[in-house]
Each structure stands twice: as C-alpha cells, then as structure tokens.
Amino acid sequence: MSLIPWLRWNEGPPQPSSRRPAEMVLDTLMMELAGQMREAERQQWERSNAVRKICTGVDYSWLASTPRPTYDLSPGERLQLEDVCAKIHPSYCGPAILRFRQLLAEQEPEVREVSQLFRSVLQEVLDRMKQEEEARKLTRQWSLRPRGNLALATFKTRARISPFTSDIRTISEDVERDTPTPLRTWSLPEFRAPKED
C-alpha cells in the first residue's frame, strides 16, 4: 500500500470558495445566531436546573434526563432575518458578530429574545453602513467639484475699503482734527538730521 495518496503534496493549492461573499455573510451570520440561541438555551436550562435544585434540595439530574425543548425560529422570522443578513456588506460581518456577542454577554437574554437582539444589531449595522455611504458620497462630491484658483480670480468690489477713512463720526476724529498733522506718514520711519552747532 502506497502512502503517496495520503500525503497531499502532489495536489495544487486549495481553491477559493466558489460562493459569493453575500452568501458567505448570510451563512456566517445565521450560524452565529443558531449557535448563540443554543448557548442561551443551555444557560436557561442550567439556571432553571439550579433553581429547581435549590427549591427541592435534591439533585435528580443524574436519575432522569428529560429531553430539553428546543426553541426554533418561525419560517417567516427566519426569512426576514436572512433578508436583512443579505444586505450586510462582508466588511461589516465581523463587527456585527462582535457587537451581537457583546450585547448577549451584557444582557443574558432568554432564548426567545435572542432573535430580536440579533435583529437590532443588524439594524444598527445597516444604519452605520448607510451613514458611511452618505459620508462617502459627500466626500466624492467635494473631491469631484471643480475648484477655482483664488489667485487668478478677479474680485469686483462695490466699495473700496480704506482703513483710515470712514463715514462714521467718532470722538477721536474730532480730537484728531485739532492736532497738527504729523511730519511723516504712518508707513515710513521718521528720520531727523543731526543739528549742526
């Protein structure tokens, strides 16, 4: 018996999945929901078992293992959730799962509440996607907008701005009228010639 078929050295590199990214996101999110629902169901069963043990004072779990009722989504609810999951972009799949797990850890919901929590997380992600898309559109509009060169633009003003003249009468203006005019202008320094003796 040859070991060569068992050693996969002669095969090429693994081929990427032929599934579309949207299908992979849908499957990933729905598997996460199913797994978290099973975990919530297990935790709920353990809590009820602990309460029963405290109330009766005896642990009969080893004697009889009753089948646990499993909660399943209705077909309509499953289709609605799949429809929402299909709208999620692949780059938002990981953050959606992290947010869902964070909310589950904080709230510890009952099994029936897990799907509503999942739906609220998906809605948050869709809202964030919409906001970021609007921000991208605005950025694109600003970047594609024609820019004028301000240095070449000619501005025609109706009034000339002169800092030393105005039509408004002030008290200092009356004082300035009575003072003699200075020997120099404001922009030039005053030079005096040395006096000869």
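Helices here are DSSP runs of H or I with at least four residues, numbered from the N terminus, and R47 lies in one of them, helix α1. The legends below walk through a predicted model, beginning with the whole chain and then moving to close-up views.

**Figure 1. The chain as a whole is built from five helices and zero strands.** Reading from the N terminus, the elements follow the order α-α-α-α-α. The chain has 197 residues, and 17% of them are buried. If you take the contacts between residues at least 6 apart in sequence, 78% join residues at least 24 apart.

**Figure 2. Helices α1 and α3 meet here, their axes coming within 10 Å of each other.** Helix α1 spans residues 21-56 and helix α3 spans residues 93-107, and their axes cross at roughly 10°. Angles under 35 degrees count as roughly parallel, so α1 is roughly parallel to α3. On the α1 side, the contact is made by V25, T28, L29, E32, L33 and Q36. Facing them from α3 are C93, A96, I97, F100, R101 and L104. Sorted by class, this contact holds eight nonpolar, two polar and two charged residues.

**Figure 3. One aromatic pair turns up in a search of the whole structure.** A pair of aromatic rings is described by the distance of the centres and the angle of the planes. For F100 and F118, the ring centres are 4.9 Å apart and the planes stand at 65°, so the pair is edge-to-face. F100 belongs to helix α3 and F118 to helix α4 (residues 111-144), so to speak two distant parts of the chain, 18 residues apart. Are these two residues buried or exposed? Both F100 and F118 are buried. You have already met F100 in the previous view, where F100 is one of the α3 residues in contact with α1.

**Figure 4. Two cysteines, C85 and C93, are shown with their sulfur atoms.** How many disulfides does the chain have? The count comes to zero. C85 is in no disulfide, and the nearest cysteine sulfur, in C93, is 8.4 Å away. Seen from the other end, the closest cysteine sulfur to that of C93 is the one in C85, too far for a bond because a disulfide needs the sulfur atoms within 2.5 Å. C85 is buried, with a relative accessible area of 0%. C93 is buried as well, at 9%, and C93 also takes part in the contact of α1 with α3.

**Figure 5. M37 of helix α1 sits among residues from other parts of the sequence.** With a relative accessible area of 7%, M37 is buried. Which residues does M37 contact, once neighbours within four places in sequence are left aside? They are Y71, L73, V111 and V114. M37 and R112 make a handy pair to look for in this view: 75 residues separate them in sequence, while their C-alpha atoms are 8.4 Å apart in space.

**Figure 6. R47 of helix α1 is shown with E108, P109 and E110, which R47 touches.** That list does not count residues up to four places away in sequence. R47 has 31% relative accessibility and so counts as partly exposed. Its partner E108 lies in the loop between α3 and α4. The backbone of E108 deserves a look too: phi is near 45°, a positive value in a residue other than glycine.

Note on methods. Residues numbered from 1 in each chain as written. Predicted model: local features only at pLDDT ≥ 70, side-chain atom pairs only at ≥ 80, totals over all residues. Heavy atoms only, no water. Axes fitted to C-alpha atoms, helices over the stretch in contact; angles between N-to-C directions. Parallel < 35°, antiparallel > 145°, perpendicular 65-115°, else oblique. Contact = heavy atoms within 4.5 Å. Nonpolar A, V, L, I, M, F, W, Y, C, P; charged D, E, K, R; others polar. Phe/Tyr/Trp six-rings, centres within 6.5 Å; stacked < 30°, edge-to-face > 60°. Buried < 20%, exposed > 50% of the residue type's maximum accessible area, 1.4 Å probe, protein only.
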